[in-house]
Amino acid sequence: MIISGSRLSKSFGHSIVLKEVNIECKAAEICGLLGVNGAGKTTLFKILLGLLTPDSGEIHCSSKGVKALGGIIEKPALYEYLSARENLKVFARIQGASSDKKDLDQYLENVGLETERKDAVRNYSTGMKQRLGIAIAMLNNPEVLILDEPFSGLDPMGIVQLRDLILDLAKNKGLAIIISSHIVEEIRLVSDRVYVINNGQIVKSGVTAEIIGQATLQHYLCAEHLKASTVLKEYQHTFLTETGALIEIGIEEMPRLMKRLAGEGIYLTSCTPRIDMYQLFRTAQ
Amino acid sequence: MIKALLWAEAYKLMKQSRTWYAIAAVFVLELIVLISAYYRGAAVIDILLNNLKESFYFEGDLLNGNLLIYLILNSLWFNFPLILMLVISGMITDEYKDGTLQTVMLQPVQKKWFILSKYIVATVFTVLMVLVLALSAFLFSYLIFGKSDLIVFIGKLNFFNAVEAETRLILAFLNGCISMIFFSLASLTFGVIFRDTLKTWIVSVLFLIVSNLLLKFDFKWELINKLFYAKLNDTWQYFFQYEIPWNIILRNNLLLVGYIVGFSAIGVVIFNKKDIG
């Protein structure tokens, strides 16, 4: 494991924010941290990044570089009155990284930002700021990247671009990435493994598809003549539109149902899993 | 690392529009005094000096350059630190407000060097601001009003010829630097403690007002009158006594430097101990 935190606990006054949390991530892996607002995600990340001191527990990072970890907490905080390159220049110089124009431009290009823009970053969109934040986090080539709610506030195009960037950093550049979100779908699309945190405790962890699959108890199916299906009558279902129905069915049974529907001449035009949030965030028995 | 941090702090400070507004504000205050004097003559000077009449006595050519510099020196001694405190405290409170402090601390940067660089850059900026103020005061005053003898009243009437007046005014500005550094760095420490911009401004302004009030306050114990920080901030006035009391000036300045180091040390220690998140 390139980074691991074990038995991490943190309280603010009488409020216990983290309870004996264990988390780990290896190179080229993306670990998701799922939790509702106030679950303890940001506190855990601040501890991993050294911004907060845990009351107890240990963090181990095997990275030997100048900068072991790079990260963004909550939102990319930048010097709004400086341009993107000037921001990079300031952050590069204070940590002894190269601040040559060529190198800075390379960092900007890596995250898909224009190198020609000279205006202050206050004019940038949230997505562009996120990208610049990642470029700053990537200075001095850390082996671990910790991103707290990177998708929040982004438009759909921004989400896709950022998702591709994160996947590229992990799969092609070998970074260990821990990413938090309260949007299950985003975690499902980017992470290999997932930790589910609730009330400061990790309540579930494992392969993302399995964990989310266990909490997928319904599917929304759309197809022409779906109402005519006899197979569908075997499952508890509710028609929400003329061609769309919500079926009480787990992820493991879906392929069989699809096959049987096809046997009736009914071909699905869409199949959307519905995740039961209560099931997902409930403590494992 | 400290070299790069000093560069970064200076770069950020000079890139902020607020810094330039502050410099402009100093010039505006300075120019208002000079332009008013130029166009409306002695009458305006009398109005401007209304509050200072107990300390001043003017005779002969009222509108000479040295008198104007002395006037600027007096009238800016409250406004100037006020402007400085607003700019300097922003060096840290803005970082808290915008979250950039968090971004900096996510880089391999040591907290103590980071905050120390802010104190050093704040000191250099303050000295430069006083120099800019002094240079412009001399330049505009001599250009518009010429150079002549200076007459001041500090307990008694003191007359200085033009050359000596110039030397004493330069020394007063240089000495005033220490006071200005004290207020600047105190505001930075307040920023470290309170984090919030508005709270820091209120506390800094209150501190400045209270310090000015206490300056005139005569304490029962002579030791307090000698050692208390507020009593050390008008040391520059000693340069307008006929015989310059160098011992008192040296003692006061050493004490004030001690206060500066103390205030800065408090800021550095608190910053180092507090979590950023």
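Let me start with Lys227(A) and Glu242(A), whose side chains meet in a salt bridge at 3.6 Å, N to O, in what is, I should say at once, a predicted model. The pair links distant parts of the chain, 15 residues apart, with Lys227(A) in the loop between β10 (216–223) and β11 (237–239) of chain A and Glu242(A) in the loop between β11 and β12 (244–248). As for the surroundings of these two side chains, Lys227(A) is partly exposed at 44% relative accessibility, while Glu242(A), at 60%, counts as exposed.

The strands on either side of those loops bring me to the sheet. β10, β11 and β12 of chain A belong to an open sheet of four strands, with antiparallel pairing and the order β11-β12-β10-β13. Which strands stand at the edges? They are β11 and β13 (268–275) of chain A, and since each has a single partner strand, one side of each is left without a neighbour in the sheet. On average, and ignoring direction, neighbouring strands here are turned by 20° against each other. If you look at the pairing of β10(A) with β13(A), you will find that the two run antiparallel and are joined by seven bridges; within that pairing, Leu221(A) has Cys271(A) in β13(A) as its bridge partner.

Now back to salt bridges, of which a search of the whole structure finds 24 over all chains. One of them is formed by Glu149(A) and Lys41(A), at 3.4 Å from N to O. Glu149(A) lies in the loop between β6 (144–148) and α5 (156–171), and Lys41(A) in helix α1 (residues 41–48), so this pair ties together parts of chain A that are 108 residues apart in sequence. Are these two residues buried or exposed? Glu149(A) counts as buried at 10% relative accessibility, and Lys41(A) is likewise buried, with a relative accessible area of 4%.

Another salt bridge in chain A joins Asp119(A) to Arg117(A), with the closest N and O atoms 2.7 Å apart. Here Asp119(A) is partly exposed, with a relative accessible area of 26%, and Arg117(A) is also partly exposed, at 22%.

In chain B, I would point you to a network of salt bridges that links Glu9(B), Lys12(B), Glu95(B) and Lys118(B).

Finally, a word on confidence. The model scores ipTM 0.83 and pTM 0.84, and chain B averages a pLDDT of 87, with 88% of its residues scoring at least 70. Where pLDDT is low, the predicted coordinates should not be read in detail.

Conventions:
Residues numbered from 1 in each chain as written. Chains lettered and ligands numbered in written order. Predicted model: local features only at pLDDT ≥ 70, side-chain atom pairs only at ≥ 80, totals over all residues. Heavy atoms only, no water. Salt bridge = Lys/Arg side-chain N within 4 Å of Asp/Glu carboxyl O. Buried < 20%, exposed > 50% of the residue type's maximum accessible area, 1.4 Å probe, protein only. pLDDT = per-residue confidence, 0-100. Pairing = 2+ DSSP bridges. Axes fitted to C-alpha atoms, helices over the stretch in contact; angles between N-to-C directions.
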